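Subject: Structure handover

Dear colleague,

I am passing this structure on to you, as agreed. The sequence and coordinates come first, and my notes follow.

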Amino acid sequence: MGQGIKSVFSFRRIKMENKKLAEEIGATSYPGRGIVIGLTPDGKKAAIAYFIMGRSSNSRNRVFVEEGQGIKTQAFDPSKLEDPSLIIYSPVRVLGTDTIVTNGDQTDTIYDLMAEGKTFEQSLRTREFEPDGPNYTPRISGILHMDSFKTSTSGDTKFNYEMSILKSNKGNPAACSRYTFSYDVPLAGEVHFIHTYMGDGEPLPSFEGEPTPLSLETNNLDEFTDIVWNALNDDNKVSLFTRFIDVETGETETRIVNKNV
């Protein structure tokens, strides 16, 4: 018998490093509206951020205000409000132990249909992108399920979350593409970021791909708020909402930042 040739392959585990949150948020002057959801590095708090930006005077004439356990948008100067459709809505609502965050009135759709027993994904099948051609702005949504106990190799996780985007098919208003992303076992120090636009343009290019995994390097809500707010383009940023939710007790801390004060 001839001598066989033995091939030896050496495998090396490569650790993939996530980009930093500020780096990705600040990568373009106009990501539009954005949602961030994840878990603090110590694994103790679910983290949420939602921001709005604007190019027109009507879009920039807004502030976030608290409404019950959530928030709503309202005109900063009511006398200058041109068109309330698509800009006045409740971005955040709480249904039981679920926190819903979206960039439009689909917040109410999710809230109402889930109250009737539908799922997050089923609720969003009744909606599509915004009717603001030629942009056809995507509807982005997220939900945190805080009473979820799922067993993983690393133990039990106290919550999970889902994110969704409803977008036109390459700008074709006759076709709606629907994507839902589920994160059953959130990782400590990791968040996912989804936004409406890839950047500025005419028309505005819709977000592409999956929500971006990013590193969160603070357990402090004020620092988290500053990271997001300071990363946003100074000319275009309008308002920011952030919240930490204790995964053991459900207690919340909230911050709101408005450019118009």
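The notes below cover confidence, one strand with its two partners, and two pockets.

Confidence first. Please keep in mind that this is a predicted model. Average pLDDT for the protein chain is 92, and 90% of the residues reach at least 70. The stretch to set aside is residues 4-14, where pLDDT stays under 50. The model shows zero contacts beyond four places in sequence for residues 4-14. Where pLDDT is low, the predicted coordinates should not be read in detail.

Next, strand β11, which spans residues 160-169. Nine of its ten residues are buried, so β11 is largely enclosed by the rest of the structure. Strand β11 pairs with two strands that I looked at. One is β8 (residues 139-145), which runs antiparallel to β11 and is joined to it by seven bridges. Within that pairing, Ser164 of β11 is the bridge partner of Ser141. The other is β12 (residues 172-183), also antiparallel to β11, with nine bridges between them. Here Glu162 has Ser182 of β12 as its bridge partner. Strands β11 and β12 form a hairpin with two residues between the strands. In that hairpin, Lys170 adopts a positive phi near 55 degrees.

Now the pockets. The largest pocket holds about 380 Å³ of space. Its lining consists of 18 residues, and those closest to the pocket centre are Arg33, Ser59, Ile87, Asp132 and Tyr197. By class, this lining is split evenly into six nonpolar, six polar and six charged residues.

The second largest pocket has about 220 Å³ of space. It is lined by 15 residues, with Gly96, Thr97, Ile245, Gly250 and Thr252 nearest its centre. Two elements give two or more residues to the lining of this second pocket: β7 (98-102) and β15 (237-246). The most comes from β15, which supplies three residues. As for classes, the lining of the second largest pocket has four nonpolar, seven polar and four charged residues.

When you open the model, I suggest starting with β11 and its bridges to β8 and β12, then turning to the two pockets.

Best regards

Notes
Residues numbered from 1 in each chain as written. Predicted model: local features only at pLDDT ≥ 70, side-chain atom pairs only at ≥ 80, totals over all residues. Heavy atoms only, no water. Buried < 20%, exposed > 50% of the residue type's maximum accessible area, 1.4 Å probe, protein only. Helix = DSSP H or I, 4+ residues; strand = E, 2+ residues; numbered from the N terminus. Pairing = 2+ DSSP bridges. pLDDT = per-residue confidence, 0-100. Contact = heavy atoms within 4.5 Å. 1 Å grid on protein atoms, 1.4 Å probe; cavity = no way out; pocket = protein on both sides within 12 Å on 5 of 7 lines; lining within 4 Å. Points joined across faces, edges and corners; volume = space filled by probe spheres on them. Nonpolar A, V, L, I, M, F, W, Y, C, P; charged D, E, K, R; others polar.
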